[in-house]
Amino acid sequence: MGGSKRIRKKSKAVKVFNLRKSLPERKNYIITLFFFGVILVMYMAIFPKHLFKAPACTVIEDSHGRMLSARIAADGQWRFPYNPIVPYKFEQCIVQFEDRQFYNHRGFNPFAFGRAVYQNICAKKIVSGGSTISMQVIRLSRKNKSRTVFQKLVEIFLATRMEVTYSKKKILAQYASNAPFGSNVVGLDAAAWRYYGVSPEKLSWAAMATLAVLPNSPSLIYPGKNQIILLKKRNRLLDRLRDKRIIDESTCSLSKAEPLPGKPFPLPDLAPHILIRAMNDGFNGKRIQTTIDADLQEKLNGIIEFNHKVLSANEIHNAAALIVEVKTGKVIAYTGNTDADGQNFHGNMVDCIDAPRSTGSILKPFLYASLLNEGLLLPQTLVPDIPTQIGGFTPQNSSLSFDGAVPAYMALARSLNVPAVRMLQNYGVDKFYDQLKKLGITTLNKPSSHYGLALITGGAEAKLWDIAGMYASMARTLNNYTAYNGKYNKSDIFPPHYIAETKVDKDHKNIVKHSVLDAAAIWFAFEAMVEVSRPEEEKQWQMFTSSRRIAWKTGTSNGNRDAWAVGLTPDYVVAVWAGNADGEGRPGLSGIGSAAPLLFDIFKILSPGRWFTQPYDDMEKVPVCRCSGYRVSMICDEADTVWIPKAGIKTEACPYHKIVHLDASGLWRVTGNCESVGKMIHKPWFVLPPVMEWYFKTKNPFYRVLPPYRKDCEPDVQEKSMDLIYPRHLSKIYIPVELDGKPGQAVFKAAHRDQDAVIYWHLDDKFIGTTSHFHELGIRAQEGIHVLTIIDQKGESVTCVFEIISRQNR
Ligand SMILES: [Zn+2]
């Protein structure tokens, strides 16, 4: 019993003994493991996410990767953003010159390092660092660190660590992007542009060998004795490349004959304003691929410069233009101002594409299309062009004359202000304001009431950018009408863009029955804008005649401050502005004279294409009165069957044709009171209201005034044969005070259908004069409200109330 107990005791003791022996071993094992774990974590964590933090240049490239413009980095260095692509020639040169074992080591080359230490000891100074390219990348990233043994060890440590994360290719790219190349030039890209004026992939072997030598001793680039050393080093490297059979003998000798680079080249600056735009859009210090076509950009710059010379003779110093591709909305050329070599000369640094300027007439086609779109008008409908005063606003045509009535499409082509204001009143300022916003205008930052009817004659401001985008959206909508089977994609209306990566949200579920403007309305607006319909007063248009069909519109702001021209085809929209960036107006500055010539020059550099397909599905063929352009009434005697927008079906029928009763001779008008119905001739007659007729008949020889009533016939009392042209009912008139302090004279005007009529004028119930043939009368009246009554010899009368206001109340 006792023995077995002892044995049990003993075995327990053995167990305890064994445990005691293994515990420290395990502990050591865990501690070691933990220690290595910490080291590993530290080793992995110590490497920064971004090795280089220095600011970079902002660089913009065209759609094919060609550099357009660059701006120096915030720290005054020409340091391009990181470029992952290292040209083959540079790779070969730098590996042969700096680190021939680059592809064989893991960041540290002990043999090269040992050799360097030995050489330095022998020479008693530092002749070689023995650093690998990887170690140099680390040193570049830790700038301003002293060259101590400790720092060297840190470099070795980090270089080996970097090799874990980075590929050899990436390490080389980091080196190429961050190595110093003398002066304030950092990185291969900047060096290639500064010293050779080309992108790095275009450099020769000689140029690449020169650049590969520089990071090791950047000061060699300075002219003087250094150049001899640089040349020797370069040629030694070329020899080595030949020895390694990287280049052949003839390449080597030809390369040696190449001279070293001279004075640094200025960097290309083809699109300085879009570069600034990109910087403002948050791309500062980045390399951005744009939608610009460099060739087109160069040509556009040339056109702006050529025309600038002409414009500057009249002290017009600034001009801008952009070209938008309709299909994609891409901006393919963008010249924000005239060139001033980076000097802010006459405000040339201002990007006039992005500056809000007074619109002049450039918005009129949007109104015309909006009216057609809602069936408030047909293209040929006559709109009144007569003296007009609405709520104190008195629009004037640029010719300062009136046509009485003008077909709507012609009023647009001739850019007449009076019909435009009347059309806007008809359409509604609020509604038009909304239309403009839907189409993409971004500068209407005040309520619609602030602009009022002046919205259509230049009372608002717009950016050339927005205008180009709005016309491009219209053209795109029309282009895609067939593709969407007579429907519309809401996402066809979008602003232009210049960043290559921009994704245009093309939502195919966004198909709707109607767009902001439907296809037919857009078609007719563009048709009115084509050159064939240009009027006499814009004779200059004829010099732009070309075989190509272009819809175009010009605009001139008040005080001749802004000249606009926009032109479009199914493929391109070109928008031009000319003027002075500081807002100074110039006599003679006009859309047609100052901006249109540029527009047509620009179209010459664009490939000609087709014209829009007529959107028949959004149209109807209907008979339209030949005289009035309205839909035919029962009375209209002459009609043309034409295409009109579908919405136009609901427009009213011709209001101007009426049946006139003549006697048998056809020379006199008669009524049922003086002639038996059997002897009458009933004839349809085109009769405009008196004031419209007054102006219309002088410009339109076909217009036949109504025959007079036969002597024995009393006129129809319902019929108006007389009206006031000036003043209009409820208008406000300003009459200047003359030198002697008395009120000045205003000339009042009336129109009468009957050439022989006599008009008796009464002011505030007092008779003041008689007129015949030309019904004009000078009137003096005190400030305040007055009543004017005119009566003709047959007793027809017109009364109007008007107010004379003083200068203070004006
Ligand atoms: Zn008619």
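How many of the ten residues of helix α13 (residues 364–373) are buried? In this predicted model, the answer is ten of ten, and the helix is accordingly described as mostly covered. The buried set runs through K364, P365, F366, L367, Y368, A369, S370, L371, L372 and N373, with the charged K364 and the polar S370 and N373 listed alongside residues such as F366 and L367. After α13 comes G375, a residue with a positive phi near 70°.

With that helix as a starting point, the chain as a whole can be considered. Its secondary structure comprises 21 helices and 28 strands. The radius of gyration is 41 Å, well over the 28 Å that the globule rule gives for 810 residues, so the chain is more spread out than a compact globule. The C-alpha trace spans about 155 × 95 × 55 Å along its principal axes. Burial is nevertheless assigned to 51% of the 810 residues. Contacts across the sequence also feature: among those between residues at least 6 apart, 66% join residues at least 24 apart. The exposed surface of the chain amounts to about 40,200 Å², of which carbon and sulfur atoms supply 55%.

The interior can be described through its nonpolar cores. In soluble globular proteins, nonpolar side chains tend to be buried together. Here the largest nonpolar core holds 89 residues, and the members that touch the most others are L455, M474 and F526. Leaving out residues up to four places away in sequence, L455 touches L363, L424, V429, F432, Y433, L436, L444 and A460. A second core, separate from this one, has 58 residues, including L172, A192, M208 and L220.

Two further buried positions show what surrounds individual helix residues. R277, in helix α11 (residues 272–283), is an arginine with a relative accessible area of 12%, and is therefore buried. Beyond residues up to four places away in sequence, R277 touches the aspartates D351 and D354, together with Y334, I353, W465 and Y498. A520 belongs to helix α19 (residues 519–529) and is buried, with a relative accessible area of 0%. Its contacts, leaving aside neighbours within four places in sequence, are with P615, D618, M619 and P645. A520 also illustrates how distant parts of the sequence meet: A520 and K646 are 126 residues apart in sequence, yet their C-alpha atoms are 7.6 Å apart in space.

A metal site is found further along the chain. The zinc ion is coordinated by the SG atoms of C625, C636 and C654 and by ND1 of H657, at 2.1 to 2.3 Å. The angles subtended by these four donor atoms run from 101 to 118°, which makes the arrangement tetrahedral. For comparison, the ideal angle for four tetrahedral donors is 109.5 degrees. Along the chain, the donors follow the spacing C-x10-C-x17-C-x2-H. C625 lies in strand β17 (residues 619–625) and C636 in the loop between β17 and β18 (639–645), so this pair ties together parts that are eleven residues apart in sequence. Both cysteines are buried: C625 has a relative accessible area of 2%, and C636 has one of 12%.

Several loops carry backbone features that deserve a look. Between α9 (226–243) and α10 (249–257), the loop contains R245, a residue other than glycine whose phi is nonetheless positive, near 60°. R245 counts as exposed, at 77% relative accessibility, whereas the arginine R277 is buried. A positive phi of about 60° is also found at H773, again not a glycine; H773 sits in the loop between β25 (766–772) and β26 (776–779). Finally, the peptide bond from Y726 to P727 is cis, with omega near 5°, and P727 is placed in the loop between β21 (722–726) and β22 (731–734).

How values were computed
Residues are numbered from 1 along each chain as its sequence is written. This is a predicted model: local features need pLDDT of at least 70, side-chain atom pairs count only at pLDDT 80 or more; totals for chains, interfaces and linings use all residues. Side-chain values use heavy atoms; hydrogens and water are left out. Donors are N, O and S atoms within 2.8 Å of the metal (3.2 Å for Na, K and Ca); water is not among the atoms, so sites may look incomplete. Four donors count as tetrahedral if all angles lie between 85 and 135 degrees; four count as square planar and six as octahedral if opposite donors are over 155 degrees apart and all others between 65 and 115; anything else is irregular. Helices (H or I, at least four residues) and strands (E, at least two) are DSSP runs, numbered from the N terminus. Buried means under 20% relative accessible area, exposed over 50%, partly exposed in between (1.4 Å probe, protein chains only). A nonpolar core is a set of buried Ala, Val, Leu, Ile, Met, Phe, Trp, Tyr and Cys residues joined through side-chain atoms within 4.5 Å. Contact means heavy atoms within 4.5 Å. The radius of gyration is taken over C-alpha atoms; the globule rule is 2.2 Å times the number of residues to the power 0.38. Accessible areas come from the Shrake-Rupley method with a 1.4 Å probe; for residues, only the protein chains shown count as cover.
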